[in-house]
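Visitor: Could you take me on a close look at a single part of this protein? I am in my first year, so please go step by step.

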Amino acid sequence: MFTAEEEELEEKIGNENYKIWKKNVPFLYDRMIAHALEWPSLTVQWLPDKITPPTKGQSESRLVLGTHTSESEQNYLMIAKVVMPEDDDELDNRKYNEETGEAGGYGHNKAKVEIVQRINHDGEVNRARYMPQNPCVIATKGPSAHVFVFDYTKHPSQPASSGVCRPDLRLAGHDTEGYGLCWNATKAGRLLSGSNDSRICVWDVEANHPNKNAVIPLATFQGHTAAVQDVAWSVHRPNTFGSVGDDMKLMIWDDSVGNKKPVHTIAAHDAEINCLDFNPKSENLLLTGSADKTIALWDLRNTSTKLFSFHSHQDEVTQVQWSRSRLEIFASCSQDRRLCVWDIQRIEEVQGKDNYAEDGPPELLFIHAGHTSRISDFCWDPVDPWVIASVAEDNILHVWQMDEKIHSEDISNEILVVD
């Protein structure tokens, strides 16, 4: 735990770093939108649709968000609309509006974020994820042991004043709350969940359920000896999933195997493991992020040792996610308030010790240093390959895109970041 003096010093340093970052936004980003939410969101995910009206010169995308309110205030699952200009002629990335927190020619209300739907939720939304085969269906985890499933088309845009939460399904099987939640990309309706009870559950939400308030899992998996922090399905192997937890273990499972035991159990890190992600372009690559401040790269064909360990974060890593369009690119966020973008193709590049100390390792492509509080979650835009949405504990939502020159093939290997 930090002392009061340490917390005050950390806040002062953070504020100074933010001022420096803000001055350099026009040189680092093609797009930068900062939007203050009413309450912090612990979760963010782009919905896969994007609307580009032919006459307006702008695009509309949508985000899934949640709230983490005070104890006396109602919580919501939310859908937000994000409007951004499409005409490159309108994008003047030398303009930055300090009041609105917008850059890229967005200082004249050409970009905006608007909450278009609120659905009553019991307690804060720890995580919310949509079903790939039917994005109208969203699963959530909160302080309840149940996992909730909502079809947002069946709920009004504004919630009932009673505050009563009415999910379309309540999934039973856990004893406590948690964060791990993932839909199967191949098998429609197959939902995976991990919780603090060290248990993993799988449901089929598309099956016929007589009791919609206590849907029994298809299968339950017990292997971890502490809280399961995250779970993920393999994109390429529909029966394979991974899990990580506070027992510092990475486990690989096959849900078609009858004995419900992990296929592989790996002592993956030196501290609790918070997150994992399978590469959507390569069936054998897997990432894990840990409280030991590192990210590990794994090859499922040989899990006896990690392929590589990524070092830059100064606090525990809370989320990792591969780019949806580039095999070699992934991002990570940490309690150090930084969101890092990495390029695994640069791992073998040689860098002098002086440059390493100043710029970080060669595989570190970019650092988004604009959040002044811990980052809770982030998500790559599935339509615009280099756009990321990120949310932090201070209510701030960022929608941003690094300058194209940073990731273009002819750029030097220096990291463009001011910290």
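Visitor: In which strand is the place of Asp 299, and what can you tell me about its surroundings?

Guide: Happy to! Keep in mind that this is a predicted model. Asp 299 sits in strand E22, which covers residues 294–299. Is Asp 299 buried or exposed? Its relative accessibility is 11%, and because buried means under 20%, Asp 299 counts as buried. Now look at its side chain: there is a polar contact, at 2.8 Å, with the side chain of Arg 301. If you leave aside residues up to four places away in sequence, Asp 299 touches Asn 284 and Leu 307.

From here we can turn to the aromatic rings. A pair of such rings is described by the distance of the centres and the angle of the planes. This structure holds 16 aromatic pairs. One of them joins Trp 233 and Phe 241 edge-to-face, with 5.4 Å from centre to centre and 75 degrees between the planes. Both Trp 233 and Phe 241 are buried. Another edge-to-face pair is made by Trp 380 and Trp 386, where the centres are 6.1 Å apart and the planes are at 70 degrees. Trp 380 and Trp 386 are buried too. Elsewhere, Tyr 18, Trp 21, Tyr 29, Phe 366 and Trp 400 come together as one aromatic cluster.

Last stop, the cysteines. Cys 165 is buried, with a relative accessible area of 5%, and Cys 201 is buried at 0%. The count of disulfides in the structure comes to 0.

Methods:
Residues are numbered from 1 along each chain as its sequence is written. This is a predicted model: local features need pLDDT of at least 70, side-chain atom pairs count only at pLDDT 80 or more; totals for chains, interfaces and linings use all residues. Side-chain values use heavy atoms; hydrogens and water are left out. Rings of Phe, Tyr and Trp (its six-membered ring) pair if their centres lie within 6.5 Å; planes under 30 degrees apart count as stacked, over 60 as edge-to-face and the rest as tilted. Buried means under 20% relative accessible area, exposed over 50%, partly exposed in between (1.4 Å probe, protein chains only). A disulfide is a pair of cysteine sulfur atoms within 2.5 Å. Helices (H or I, at least four residues) and strands (E, at least two) are DSSP runs, numbered from the N terminus. A polar contact is a pair of N or O atoms within 3.5 Å; within protein, one must be able to donate a hydrogen and the other to accept it, and residues adjacent in sequence count only if both atoms are side-chain atoms. Contact means heavy atoms within 4.5 Å.
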